[in-house]
Amino acid sequence: MNLNTLHPYQRLQSLLADLIEKTPPGERLPSEPQLAKQLGVSRATLREAMRTFEGQGLLRRRQGIGTFVVGQTGVIETGLEQLESIETLAQRIHLNVMMGDLSVTQMTAENSEAYPLNVPVGTTLVQVSRVIKAGNRPVAFLIDTLPTDILIPDDLQKGFSGSVLDFLIRRGSPKLVNSRTEIQAVGATPEIGHRLEIQRDDVLLLFEAYLYMIGGRVIDHSLSYFLPGYFKFHVIRSVGITNRSEFLLNQEIIIEK
C-alpha cells in the first residue's frame with residue numbers, strides 16, 4: 001500500500017494498525033506526546049484515531065498509566081430476537097467470561113428508580129451492579145434494580161455468576177414473559193469509565209431493559225453498558241409484506257409489464 005496516496009487520517013490509521021500489529025499483547029505503546037510527535041499529528045487527532053482501535057478491542061487505555069496493546073479475545077455476536085445473558089452467549093462460542101467487582105445494595109426508591117419499575121417513591125429496592133470480564137479485560141458494566149419482593153441481597157450470597165436473568169430463570173419465579181429494550185450509543189461517565197478502564201466519553205452501547213413477568217408487571221430495570229469491540233448485535237427482520245394476496249397481485253403486475 002502506498003501511504004502517500006491516502007488521506008492523512010487514513011494514513012494515520014494505517015500507521016497505527018501497523019504499530020499495533022508489531023507490538024506484543026500486553027506491552028505499552030509510547031506516550032501520547034511521543035507517539036503524536038513520531039506520527040506528525042496533534043494529540044487530539046491521535047486520540048480520535050486510537051478510539052477506533054479501542055472500539056475494536058485492540059487497544060486499552062488506562063488513565064494515568066498508558067495505552068496497551070490487547071490480545072484479541074472472542075467477540076460475542078448475537079441476534080436481539082431472544083433475551084440471553086452474557087454468560088449464555090459466551091458459553092456458545094466457548095469464551096471464558098467472569099464477574100469482576102460486584103456491589104449489591106438495598107435502597108429506598110427515589111423518583112428516578114421508582115418510575116421505571118412503576119412502584120411508589122419510598123419502595124425498598126435492591127440494586128446489583130457488576131463488571132463482566134473477558135480475558136481479564138472488563139467488557140461490560142451491568143446494573144439491575146429490582147423490588148425486594150422479587151430479590152433480596154441474601155439471595156445472591158452463593159453461586160451468583162453475574163446474571164440476574166439467569167438467576168431468576170433458574171429459580172423459576174416469578175414467571176418471566178418478555179423484555180423491552182431501548183438501545184443507544186452513549187459516552188462513558190467518569191464512574192463507568194473507571195469501571196471499564198476506559199476514558200471519559202469513550203463510546204459505549206447502552207441497553208436499557210425492562211423485564212416483565214406474567215401479568216405485565218416490570219420486575220427488573222437494567223442498564224447494560226457494552227464495549228463495542230467485544231460485542232456485535234444484529235437483528236433478523238422479515239420483509240414487510242403483510243398480505244399474501246397483495247404480494248401475488250404485485251407479482252402479476254410485474255410479469256405483465
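## Overall picture

The protein has an accessible surface of about 15,100 Å². Carbon and sulfur atoms account for 51% of that surface. The model is predicted.

The chain folds into eight helices and ten strands. Of its 257 residues, 39% are buried. Take the contacts between residues at least 6 apart in sequence: 58% of them join residues at least 24 apart.

## A nonpolar patch on the surface

Leu80, Ile183 and Val235 make a nonpolar surface patch. The patch covers about 250 Å². One of its members, Ile183, sits in strand E7, which runs over residues 176–187. Ile183 has a relative accessibility of 45%, so it counts as partly exposed.

## Salt bridges within a helix

The model holds twelve salt bridges. One of them joins the side chains of Lys22 and Asp18, with 3.1 Å from N to O. Both residues belong to helix H1, residues 8–22. They are four residues apart, about one turn of the helix. Lys22 counts as exposed because its relative accessibility is 62%. Asp18 reaches 33%, so it counts as partly exposed.

Glu191 and Arg195 form another salt bridge, at 3.9 Å from N to O. This pair lies in helix H7, residues 190–196. Glu191 and Arg195 are four residues apart there, so about one helical turn separates them. Arg195 is partly exposed, because its relative accessibility is 24%.

## A salt bridge between two helices

The side chains of Glu32 and Arg47 also meet in a salt bridge, at 2.7 Å from N to O. This pair links distant parts of the chain, 15 residues apart. Glu32 is in helix H2, residues 32–39, and Arg47 is in helix H3, residues 43–55.

Are Glu32 and Arg47 buried or partly exposed? Glu32 has a relative accessible area of 15%, so it is buried. Arg47 has a relative accessibility of 27%, so it counts as partly exposed. Shared partners extend the picture: salt bridges join Glu32, Arg43 and Arg47 into one network.

## Arg137: buried, with no salt bridge

Arg137 is found in strand E6, residues 137–147. This residue is buried, yet it has no salt bridge. Why does Glu197 not pair with Arg137 in a salt bridge? Glu197 is the nearest side chain of opposite charge, but it is 4.9 Å away, and a salt bridge needs the atoms within 4 Å, so the pair does not count.

What does the side chain of Arg137 reach at 2.8 Å? It reaches the backbone oxygen of Leu196. Beyond its neighbours within four places in sequence, Arg137 touches several residues, including Arg60, Ile132, Leu227 and Tyr230. Leu196, Glu197 and Ile198 are also among its contacts.

## Glu87: a second buried charge

Glu87 is located in helix H4, residues 86–92. Like Arg137, this residue is buried and has no salt bridge. Which side chain of opposite charge is nearest to Glu87? That side chain is Arg130, 6.4 Å away.

Glu87 has contacts outside its neighbours within four places in sequence. Among them are Val97, Ile132 and Asp166. Ser161, Gly162 and Ser163 are also in contact with Glu87. Ile132 is in contact with both Arg137 and Glu87.

Note on methods
Residues numbered from 1 in each chain as written. Predicted model: local features only at pLDDT ≥ 70, side-chain atom pairs only at ≥ 80, totals over all residues. Heavy atoms only, no water. Patch = residues over 30% accessible without salt bridge, like charges linked within 9 Å, V, L, I, M, F, W, Y side chains within 5 Å. Areas by Shrake-Rupley, 256 points an atom, 1.4 Å probe, with all protein chains shown as cover. Buried < 20%, exposed > 50% of the residue type's maximum accessible area, 1.4 Å probe, protein only. Lys, Arg positive; Asp, Glu negative; His and termini not counted. Polar contact = N/O pair within 3.5 Å; in protein donor to acceptor, adjacent residues only side chain to side chain. Contact = heavy atoms within 4.5 Å.
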